[in-house]
Amino acid sequence: MAVKILSVNDTIGLVHFSGLLSPEECTELIAAGESSNAKPSEVIYDVSDVSYETSGRRSTVASPSVDRYPIIKAVRRRISLFIGVAEENQEPLQVLHYTRGGKYDIHYDSFLEGSPQLENGGNRMLTVLLYLNDVEQGGWTQFPHIMANIVPSVGTGILFRNIDAQNLQLRESLHAGLPVIDGEKWIASIWIREKAYVAALPADRKDEISRRTL
Ligand SMILES: O=C(O)CCC(=O)C(=O)O
Ligand SMILES: [Fe+2]
């Protein structure tokens, strides 16, 4: 693994890098996402654990199983080594797919005080986004407060902080996935919690386990 740092921004610890994934591995991740029962992406409502579909976020999301796809395990390990945070703090890796017009309007990834989401693993301390393909036009990740635009490019990625030293939402971490104008956009996202995160069992595994315990 030879990760190269392309640029940094100190305000939110934004690191733009390449070399964490080869183009072949990006293709493998896309394929894992394509065969893992993708659903429309949702956003979490205010300070709750309720999520809903909205026109402000248009993409599909899949969470390929670590057991079925060795590439997922490898990526999780690499991210942990790169950022120096235990793998157990990672939420499940998500593969996101935006078609033309797909976007994610400006938002924060962190949770506000009182959110039930904080009970499992604390806040989303960091976000890692891995760009899995080149987007013909559009689809930039934009940070309006620090005036940074990241152009998706296969095999590159970004890492940034969502909370400050007092564990409060980092104002400058506000960001958006701008609309895809031409082509499509595939990314993998991994949120890093402050502490160990216990992933919910995927629906198909829940079924398998309840059958086993009958
Ligand atoms: O698609 C992007 O560039 C941004 C994605 C994002 O902000 C998220 O998934 O939380
Ligand atoms: Fe985000």
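1. **The β1-β2 hairpin.** In this predicted model, β1 and strand β2 (residues 14-18) are joined by five bridges and run antiparallel. The two strands form a hairpin, with four residues between them. Glycine 13 sits in that turn and has a positive phi of about 55°. Two pairs help to fix the register by eye. Asparagine 9 has leucine 14 of β2 as its bridge partner. Isoleucine 5 is partnered by phenylalanine 17 of β2.

2. **Cover on β1.** Strand β1 covers residues 4-9. This strand is hardly covered: of its six residues, the count that is buried is zero.

3. **From β2 into the sheet.** β2 also pairs with β14, again in the antiparallel sense, over four bridges. Look for valine 15, which stands opposite leucine 159 in β14.

4. **The whole sheet.** Eight strands make up an open sheet. Read across, the order is β1-β2-β14-β10-β17-β8-β7-β3, and the pairing is antiparallel. The edges are β1 and β3 (39-40), each with a single partner strand, so one side of each has no neighbour in the sheet. When tracing side chains along any of these strands, keep one rule in mind. In a regular strand they alternate between the two faces of the sheet.

5. **β17 and its neighbours.** Strand β17 spans residues 185-193. Strand β10 (residues 124-131) is joined to β17 by seven bridges, and the two run antiparallel. Leucine 126 stands opposite isoleucine 192 of β17. β17 also pairs with β8, antiparallel, over five bridges. There, alanine 188 of β17 is the bridge partner of valine 95.

6. **β8.** Is strand β8 (residues 94-98) mostly covered or hardly covered? Mostly covered: four of its five residues are buried. Besides β17, β8 pairs with strand β7 (residues 60-62) in the antiparallel sense, over three bridges. Alanine 62 stands opposite valine 95 in β8. Valine 95 is thus a useful landmark. The residue has alanine 62 opposite it and alanine 188 of β17 as a bridge partner.

7. **Helix α1.** This helix runs over residues 23-34, twelve residues in total. From first C-alpha to last it reaches 17 Å, close to the 16 Å expected at 1.5 Å a residue. Cys26, Glu28, Leu29, Ala32 and Gly33 are buried in α1. Seen down the helix axis, the buried residues of α1 fall within an arc of 160°, so they line one face. The general pattern helps here. An α-helix has 3.6 residues a turn, so residues three or four places apart point the same way.

8. **The two sides of α1.** What covers the buried residues of α1? The cover includes β7, α2 (70-83), β8 and β17. Three of the sheet strands named above, β7, β8 and β17, are therefore included in the cover of α1. Turned away from the buried side is a face that carries the exposed residues Pro23 and Glu24.

9. **Ligand 1.** Which residues surround ligand 1? They are Tyr104, Asp109, Leu129, Thr141, His175, Gly177, Ile187 and Ser189. β15 (175-177) and β17 each supply at least two residues of this shell. By character, the shell divides into three nonpolar residues, four polar and one charged. β17 therefore deserves a second look: the strand pairs with β10 and with β8, and supplies part of the ligand shell.

10. **Two asparagines to check.** Most residues other than glycine have a negative phi. Two asparagines depart from this. Phi of asparagine 37 is near 55°, a positive value. Asparagine 37 lies in the loop between α1 and β3. With 13 C-beta neighbours inside 10 Å, asparagine 37 counts as partly exposed. Asparagine 167 also has a positive phi, near 65°. Its loop is the one between β14 (156-161) and β15. Asparagine 167 counts as partly exposed because 14 C-beta neighbours lie inside 10 Å.

Definitions and conventions:
Residues numbered from 1 in each chain as written. Chains lettered and ligands numbered in written order. Predicted model: local features only at pLDDT ≥ 70, side-chain atom pairs only at ≥ 80, totals over all residues. Buried ≥ 20, exposed ≤ 12 C-beta atoms within 10 Å, placed from the backbone. Pairing = 2+ DSSP bridges. Near = placed C-beta within 6 Å. Nonpolar A, V, L, I, M, F, W, Y, C, P; charged D, E, K, R; others polar. Expected span 1.5 Å × (residues − 1). Arc of directions from axis to C-beta. Contact = placed C-beta atoms within 7 Å.
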